[in-house]
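Welcome! Here are a few notes to help you find your way around.

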Amino acid sequence: NDYKLWIHQKIQQYKKAFNVKKFYAIMIHNENFLLSPDFDEFNNLLINLKKKNITEKIGISIYSFTNLIENVKKYKFDIVQCPFSLIDQRLIKNNLLSKLKKIGIEIHVRSIFLQGLLFKKNIDPYFFKWQNIFNYYKKWTKNNSLSYLEGGLFFILNYSMIDKFIIGVEGTGQINQLRDAIKKYRYISYPKYLNSSDINLINPNNWKTKK
(Lines give C-alpha, C1' and ligand atoms only; values in the text may rest on other atoms or scores of the structure.)
Protein backbone atom coordinates (compact mmCIF):
# COMPACT_ATOMS: atom_id res chain seq x y z
CA ASN A 1 0.00 0.00 0.00
CA ASP A 2 1.42 3.36 -1.02
CA TYR A 3 -0.15 5.36 1.78
CA LYS A 4 2.17 8.29 1.27
CA LEU A 5 0.95 8.84 -2.29
CA TRP A 6 -2.69 8.26 -1.33
CA ILE A 7 -2.51 10.77 1.53
CA HIS A 8 -0.79 13.33 -0.69
CA GLN A 9 -3.53 12.99 -3.32
CA LYS A 10 -6.27 13.34 -0.70
CA ILE A 11 -4.60 16.39 0.83
CA GLN A 12 -4.43 18.12 -2.54
CA GLN A 13 -8.01 17.13 -3.35
CA TYR A 14 -9.45 18.54 -0.13
CA LYS A 15 -7.30 21.65 -0.14
CA LYS A 16 -8.79 22.49 -3.52
CA ALA A 17 -12.34 21.47 -2.60
CA PHE A 18 -12.41 23.53 0.61
CA ASN A 19 -10.03 26.26 -0.52
CA VAL A 20 -7.75 25.94 2.49
CA LYS A 21 -3.99 26.00 2.92
CA LYS A 22 -3.97 24.14 6.22
CA PHE A 23 -6.34 21.73 7.95
CA TYR A 24 -7.53 22.07 11.52
CA ALA A 25 -7.78 18.30 11.87
CA ILE A 26 -7.45 15.11 9.88
CA MET A 27 -9.56 12.29 11.26
CA ILE A 28 -9.49 8.52 10.87
CA HIS A 29 -13.05 7.29 10.40
CA ASN A 30 -12.47 3.55 10.46
CA GLU A 31 -11.37 2.47 13.91
CA ASN A 32 -10.87 -1.11 12.68
CA PHE A 33 -7.91 0.21 10.69
CA LEU A 34 -6.03 0.41 14.00
CA LEU A 35 -5.92 -3.40 13.97
CA SER A 36 -4.19 -3.48 10.59
CA PRO A 37 -0.47 -4.32 10.51
CA ASP A 38 -0.11 -1.28 8.22
CA PHE A 39 -1.53 1.19 10.70
CA ASP A 40 1.75 2.12 12.40
CA GLU A 41 3.13 3.20 9.04
CA PHE A 42 -0.04 5.16 8.23
CA ASN A 43 -0.11 6.82 11.63
CA ASN A 44 3.51 7.97 11.28
CA LEU A 45 2.53 9.66 8.02
CA LEU A 46 -0.28 11.50 9.83
CA ILE A 47 2.06 12.62 12.59
CA ASN A 48 4.42 13.86 9.88
CA LEU A 49 1.60 16.00 8.45
CA LYS A 50 1.49 17.80 11.81
CA LYS A 51 5.24 18.31 11.77
CA LYS A 52 4.98 19.80 8.28
CA ASN A 53 2.17 22.11 9.50
CA ILE A 54 -0.30 20.68 6.97
CA THR A 55 -2.73 19.91 9.77
CA GLU A 56 -2.92 21.24 13.30
CA LYS A 57 -4.33 18.05 14.80
CA ILE A 58 -5.04 14.39 14.07
CA GLY A 59 -7.80 12.30 15.56
CA ILE A 60 -10.07 9.30 15.40
CA SER A 61 -13.81 8.80 15.11
CA ILE A 62 -15.03 5.78 17.08
CA TYR A 63 -18.06 3.63 17.78
CA SER A 64 -16.36 1.40 20.33
CA PHE A 65 -14.64 2.71 23.46
CA THR A 66 -12.48 -0.39 23.97
CA ASN A 67 -8.81 0.44 24.69
CA LEU A 68 -9.50 4.09 23.86
CA ILE A 69 -7.06 5.64 26.34
CA GLU A 70 -4.29 3.24 25.30
CA ASN A 71 -4.85 3.91 21.59
CA VAL A 72 -4.97 7.69 22.03
CA LYS A 73 -1.64 7.65 23.85
CA LYS A 74 0.01 5.14 21.51
CA TYR A 75 -0.95 6.90 18.28
CA LYS A 76 -0.68 10.47 19.61
CA PHE A 77 -4.22 11.47 18.67
CA ASP A 78 -5.33 14.99 19.57
CA ILE A 79 -9.06 14.54 18.99
CA VAL A 80 -11.60 11.83 19.75
CA GLN A 81 -14.96 12.01 18.02
CA CYS A 82 -17.53 9.67 19.57
CA PRO A 83 -21.25 9.09 20.09
CA PHE A 84 -22.75 10.60 23.24
CA SER A 85 -26.33 11.18 24.32
CA LEU A 86 -28.54 10.83 27.35
CA ILE A 87 -29.25 7.29 26.12
CA ASP A 88 -25.64 6.43 25.19
CA GLN A 89 -23.47 7.55 28.11
CA ARG A 90 -20.38 5.43 27.51
CA LEU A 91 -18.20 8.55 27.26
CA ILE A 92 -18.71 9.34 30.94
CA LYS A 93 -18.62 5.77 32.23
CA ASN A 94 -15.70 5.15 34.61
CA ASN A 95 -14.72 8.84 34.35
CA LEU A 96 -13.55 8.31 30.77
CA LEU A 97 -14.29 11.90 29.73
CA SER A 98 -12.21 13.26 32.62
CA LYS A 99 -9.36 10.86 31.84
CA LEU A 100 -9.29 11.95 28.18
CA LYS A 101 -9.27 15.63 29.12
CA LYS A 102 -6.44 15.08 31.61
CA ILE A 103 -4.21 13.90 28.79
CA GLY A 104 -5.20 16.88 26.65
CA ILE A 105 -7.65 15.28 24.23
CA GLU A 106 -10.17 17.44 22.39
CA ILE A 107 -13.62 15.84 22.54
CA HIS A 108 -16.16 16.02 19.69
CA VAL A 109 -19.47 14.24 20.19
CA ARG A 110 -22.03 13.11 17.62
CA SER A 111 -25.37 11.26 17.61
CA ILE A 112 -26.48 13.50 20.46
CA PHE A 113 -30.11 12.79 19.55
CA LEU A 114 -29.38 9.12 18.78
CA GLN A 115 -29.64 9.78 15.05
CA GLY A 116 -32.97 11.58 15.50
CA LEU A 117 -34.71 8.82 17.46
CA LEU A 118 -35.47 11.23 20.30
CA PHE A 119 -37.63 13.28 17.91
CA LYS A 120 -39.54 10.59 16.06
CA LYS A 121 -43.24 10.06 16.70
CA ASN A 122 -43.30 6.77 14.81
CA ILE A 123 -40.26 4.56 15.22
CA ASP A 124 -39.20 1.55 13.20
CA PRO A 125 -40.44 -1.79 14.61
CA TYR A 126 -36.81 -2.68 15.35
CA PHE A 127 -36.91 -0.22 18.26
CA PHE A 128 -40.17 -1.45 19.80
CA LYS A 129 -38.28 -3.42 22.47
CA TRP A 130 -36.96 -0.09 23.81
CA GLN A 131 -40.28 1.73 23.50
CA ASN A 132 -40.44 2.23 27.27
CA ILE A 133 -37.27 4.38 27.16
CA PHE A 134 -38.66 6.63 24.43
CA ASN A 135 -42.04 6.91 26.14
CA TYR A 136 -40.32 7.81 29.41
CA TYR A 137 -38.25 10.47 27.62
CA LYS A 138 -41.37 12.08 26.16
CA LYS A 139 -43.10 12.17 29.55
CA TRP A 140 -39.99 13.42 31.29
CA THR A 141 -39.43 16.30 28.84
CA LYS A 142 -43.07 17.33 29.16
CA ASN A 143 -42.89 17.30 32.96
CA ASN A 144 -39.77 19.50 32.81
CA SER A 145 -41.20 21.92 30.23
CA LEU A 146 -38.59 20.91 27.64
CA SER A 147 -38.90 20.26 23.93
CA TYR A 148 -37.45 16.99 22.64
CA LEU A 149 -34.62 19.05 21.15
CA GLU A 150 -33.88 20.81 24.44
CA GLY A 151 -34.01 17.55 26.39
CA GLY A 152 -31.30 15.98 24.27
CA LEU A 153 -29.21 19.11 23.84
CA PHE A 154 -29.14 20.25 27.47
CA PHE A 155 -27.71 16.87 28.50
CA ILE A 156 -24.70 17.53 26.25
CA LEU A 157 -24.35 21.13 27.41
CA ASN A 158 -24.19 19.91 31.02
CA TYR A 159 -20.68 18.66 30.26
CA SER A 160 -18.35 21.62 29.84
CA MET A 161 -15.40 19.33 29.06
CA ILE A 162 -16.96 18.52 25.68
CA ASP A 163 -15.40 20.82 23.10
CA LYS A 164 -17.75 20.42 20.12
CA PHE A 165 -20.87 18.57 19.08
CA ILE A 166 -21.67 17.52 15.53
CA ILE A 167 -25.20 17.41 14.16
CA GLY A 168 -26.90 17.11 10.81
CA VAL A 169 -29.56 19.61 9.79
CA GLU A 170 -32.03 19.73 6.92
CA GLY A 171 -32.29 23.48 6.59
CA THR A 172 -31.92 26.90 8.17
CA GLY A 173 -35.09 26.34 10.20
CA GLN A 174 -33.41 23.58 12.17
CA ILE A 175 -30.30 25.70 12.65
CA ASN A 176 -32.47 28.46 14.12
CA GLN A 177 -34.22 25.99 16.41
CA LEU A 178 -30.86 24.77 17.66
CA ARG A 179 -29.58 28.31 18.21
CA ASP A 180 -32.71 29.24 20.17
CA ALA A 181 -32.45 26.09 22.29
CA ILE A 182 -28.81 26.83 23.17
CA LYS A 183 -29.84 30.30 24.40
CA LYS A 184 -32.43 28.71 26.70
CA TYR A 185 -29.96 26.24 28.24
CA ARG A 186 -30.24 25.59 31.94
CA TYR A 187 -28.73 22.80 34.01
CA ILE A 188 -31.02 19.80 34.15
CA SER A 189 -30.60 16.71 36.30
CA TYR A 190 -31.30 13.62 34.19
CA PRO A 191 -32.97 10.39 35.37
CA LYS A 192 -30.73 7.32 35.21
CA TYR A 193 -33.53 5.36 33.61
CA LEU A 194 -32.87 6.98 30.23
CA ASN A 195 -29.33 5.56 30.06
CA SER A 196 -28.98 2.31 28.10
CA SER A 197 -25.99 -0.01 27.75
CA ASP A 198 -27.67 -2.17 25.11
CA ILE A 199 -25.26 -2.06 22.17
CA ASN A 200 -28.06 -3.02 19.77
CA LEU A 201 -29.72 0.29 20.60
CA ILE A 202 -26.82 2.68 21.11
CA ASN A 203 -24.67 1.57 18.16
CA PRO A 204 -26.38 2.38 14.81
CA ASN A 205 -24.08 -0.12 13.11
CA ASN A 206 -26.12 -2.81 14.82
CA TRP A 207 -29.53 -1.50 13.80
CA LYS A 208 -31.59 -3.84 11.64
CA THR A 209 -34.22 -1.41 10.42
CA LYS A 210 -36.29 -1.50 7.28
CA LYS A 211 -34.74 0.48 4.45
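The points below go through the sheet, the helices and the aromatic pairs.

1. Please keep in mind that this is a predicted model. A good place to begin is the open sheet, where five parallel-paired strands follow the order β1-β2-β3-β4-β5. β1 (23–28) and β5 (164–165) are the edge strands with a single partner each, so one side of each has no neighbour in the sheet.

2. Within the sheet, look at β3 (residues 79–83) and β4 (residues 106–110): they run parallel and are joined by five bridges. I79 is found opposite E106 in β4. Helix α2 (residues 39–51) lies across β1 and β2 (55–61), at about 145° to β2.

3. Next, turn to helices α5 (residues 131–143) and α6 (residues 148–157), whose axes are 9 Å apart and which pack at an angle of about 95°. That makes the two helices, α5 and α6, roughly perpendicular. In this contact, Y137, K138, W140 and T141 of α5 meet Y148, G151 and G152 of α6. The contact residues comprise three nonpolar, three polar and one charged.

4. The whole structure holds 23 aromatic pairs. One of them is F39 with Y75, edge-to-face, with 4.8 Å centre to centre and 90° between the planes. F39 belongs to helix α2 and Y75 to helix α3 (residues 68–75), so this pair ties together parts 36 residues apart in sequence. Both F39 and Y75 are buried, and ring pairs link them into a cluster with Y3, W6, F33, F42 and F77.

5. Finally, F155 and Y190 also form an edge-to-face pair, at 5.1 Å centre to centre and 80° between the planes. F155 sits in helix α6 and Y190 in the loop between α7 (172–183) and α8 (199–202), so parts 35 residues apart in sequence are tied together. Both F155 and Y190 are buried.

Conventions
Residues numbered from 1 in each chain as written. Predicted model: local features only at pLDDT ≥ 70, side-chain atom pairs only at ≥ 80, totals over all residues. Heavy atoms only, no water. Axes fitted to C-alpha atoms, helices over the stretch in contact; angles between N-to-C directions. Helix = DSSP H or I, 4+ residues; strand = E, 2+ residues; numbered from the N terminus. Parallel < 35°, antiparallel > 145°, perpendicular 65-115°, else oblique. Contact = heavy atoms within 4.5 Å. Nonpolar A, V, L, I, M, F, W, Y, C, P; charged D, E, K, R; others polar. Pairing = 2+ DSSP bridges. Phe/Tyr/Trp six-rings, centres within 6.5 Å; stacked < 30°, edge-to-face > 60°. Buried < 20%, exposed > 50% of the residue type's maximum accessible area, 1.4 Å probe, protein only.
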